[in-house]
Amino acid sequence: MPLIRIIGQTDILATYAQRREDSDAPGDRYRLYEIAGGAHADAAFYPYMPAVADLRKIGSAYPLLASWPFANQCEPEQTLARTPINTYALDAALVNLTRWIADGVPPPKAERIRIENPGTPQARIALDQYGNAVGGVRTPYLDVPIATYHTTSKGETFCPELAHTVPFDWARLNSLYGTPQNYRAKLAQSVDKLVRERWLTESDGRRIKAEAASVPASVITN
């Protein structure tokens, strides 16, 4: 049975030792997708989990939900990340996996997220000039960025597994794009490329374009 293993950026260093090559061999059809900018948990995760009250009724002591909202405060103070990086990457991966199983169409192979000093205590994710991960499964959010997507946060308990986003200031946005029209054009090019390469579904590509079209001009032009 074909297998696509999907790992968010938060967990790349912890799973580095289990990395392996992709394969199309009979009996070993395998892909590894490491999602650049993908957090261990984001806002899309919680609405589909059982309520704490229901878990208690069946005698479960599931620690993550039992401690939500967290008693301690992460740094910086934050809510769960809402940029749907994981959601869109998973949507495309599921479509690719379905085609692989049903029609024998191999999915694309992804570059791994780049790691500096791999296999050492100094290992860390390689970052671009915007503070975002290099390599991995890409989305327009990182390829045409308007923010830095941190996939871990300072603090106790679950904070290291939670993302936070730092939007670019006006000066950086203006230097990158100049006008909202330029930003939307570059975003559309990224979306179209990723749809062609099967890293985005067509429907999610349309959502991203619609989202960009609704962004007020003041976000880019101040």
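The sheet here is an open one with three strands, ordered β1-β3-β2, and its pairing is mixed. Two strands count as paired if DSSP finds at least two bridges between them; helices (H or I, at least four residues) and strands (E, at least two) are DSSP runs, numbered from the N terminus. At the edges sit β1 (3-8) and β2 (23-25), each pairing on one side only. From one strand to the next, the twist averages 15°.

Keep in mind that this is a predicted model, where local features need pLDDT of at least 70 and side-chain atom pairs count only at pLDDT 80 or more, while totals for chains, interfaces and linings use all residues. Residues are numbered from 1 along each chain as its sequence is written, and side-chain values use heavy atoms, with hydrogens and water left out.

In general, strands of a sheet pair through backbone hydrogen bonds, either parallel or antiparallel. Here β1 and β3 (residues 28-35) run parallel, joined by six bridges. G8 stands opposite I35 in β3. Helix α3 packs on the sheet and touches β1, β2 and β3 (contact: heavy atoms within 4.5 Å). The direction of α3 makes about 170° with that of β3; axes are lines fitted to C-alpha atoms, for helices over the stretch in contact, and angles run from 0 to 180 degrees between N-to-C directions.

Now for T83, in the loop between α2 (63-66) and α3 (85-103). Leaving out residues up to four places away in sequence, T83 touches D42, Y141, Y149 and T165.

| T83 and A44 | Value |
|---|---|
| Apart in sequence | 39 residues |
| Apart in space, C-alpha to C-alpha | 9.0 Å |
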